[in-house]
Amino acid sequence: LISKVLIGANNPITTAPTVTPTATPTPTTPVLVAMNTNDFNDKLNTVKNESFDDSKLEKAKFVFDQEYLNSAQVASVCKQFSFDNRKVDFAKWAYKRTVDKKNYYKVVDVLTFDTDKKELQNWIKKNP
């Protein structure tokens, strides 16, 4: 019999375990985009067709419920109301659906009275 003895058999050579690289999942943040101009105008027209502020507010909340808006679009809807209290109601409702909150001053500027402007600004500060 032939015996094969390796030199340094007492200190076997070890190799590092093979590591298979895996892709680390990166969280993705959905990009919110305001509705396109044509769709917005169609829905705005349905709001305009209502006669009274209460029915306009109800219609606006209904047609824009599944949409994201930009500040200019919210301001356009607010302009459809005759009274500031309804403008403020819609502005508060639409705030969480607004993609560019940094421009919400455009909505505040639609309001007529300083008390209503302050009310909306204070509400925004409490609901970032």
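Helices are DSSP runs of at least four residues, numbered from the N terminus. The model described here is predicted.

The protein chain contains six helices and zero strands. Along the sequence, the pattern reads α-α-α-α-α-α. The chain has 128 residues, and 31% of them are buried. About 9,500 Å² of the chain is exposed. Carbon and sulfur atoms account for 54% of that area. Of the contacts between residues at least 6 apart in sequence, 68% connect residues at least 24 apart.

The largest nonpolar core comprises 27 residues. Those with the most contacts inside this core are Phe64, Leu69, Val74, Val77, Phe90, Tyr104 and Val107. The elements that give two or more residues to the core are helix H1 (37–48), helix H2 (53–63), H3, H4, helix H5 (105–108) and H6. H4 gives the most, with six residues. In soluble globular proteins, nonpolar side chains tend to be buried together. Valine 107 illustrates the contacts of one core residue. Residues up to four places away in sequence aside, valine 107 touches Ser71, Val74, Ala75, Cys78, Ala91 and Leu120. Among these partners, Val74 is itself listed with the residues that have the most contacts inside the core.

Polar side chains were examined next. Glutamine 73 belongs to helix H3, which spans residues 71–78. Its relative accessible area is 7%, so glutamine 73 counts as buried, the cut-off being under 20%. A polar atom of the glutamine 73 side chain lies 3.0 Å from the backbone oxygen of methionine 35. Leaving out residues up to four places away in sequence, glutamine 73 touches Ala34, Met35, Asn36, Phe40 and Tyr68. Met35 thus appears both in this contact list and as the owner of the backbone oxygen.

The structure holds seven salt bridges. One of them joins the side chains of aspartate 84 and lysine 87, with an N to O distance of 3.6 Å. Both residues lie in helix H4 (residues 84–95). Aspartate 84 and lysine 87 are separated by about one helical turn because they are three residues apart in this helix. Both partners are buried: aspartate 84 has a relative accessible area of 6%, and lysine 87 has a relative accessibility of 8%.

A second pair in helix H4 has the same spacing, three residues or about one turn of the helix. Here aspartate 89 forms a salt bridge with arginine 86. The closest N and O atoms are 2.5 Å apart. Aspartate 89 is partly exposed, with a relative accessible area of 28%.

Another salt bridge connects glutamate 119 with lysine 92, the closest N and O atoms being 2.8 Å apart. This pair links distant parts of the chain. Glutamate 119 sits in helix H6 (residues 114–126), lysine 92 sits in helix H4, and 27 residues separate them. Both are partly exposed: the relative accessible area is 36% for glutamate 119 and 22% for lysine 92. Salt bridges that share partners also join Asp54, Arg86 and Asp89 into one network.

Helix H4 recurs in these results. H4 gives six residues to the largest nonpolar core. H4 also holds aspartate 84 and lysine 87, as well as arginine 86 and aspartate 89. Lysine 92, the partner of glutamate 119, lies in H4 too.

Terms used:
Residues numbered from 1 in each chain as written. Predicted model: local features only at pLDDT ≥ 70, side-chain atom pairs only at ≥ 80, totals over all residues. Heavy atoms only, no water. Buried < 20%, exposed > 50% of the residue type's maximum accessible area, 1.4 Å probe, protein only. Polar contact = N/O pair within 3.5 Å; in protein donor to acceptor, adjacent residues only side chain to side chain. Contact = heavy atoms within 4.5 Å. Areas by Shrake-Rupley, 256 points an atom, 1.4 Å probe, with all protein chains shown as cover. Salt bridge = Lys/Arg side-chain N within 4 Å of Asp/Glu carboxyl O. Core = buried A, V, L, I, M, F, W, Y, C linked by side-chain atoms within 4.5 Å.
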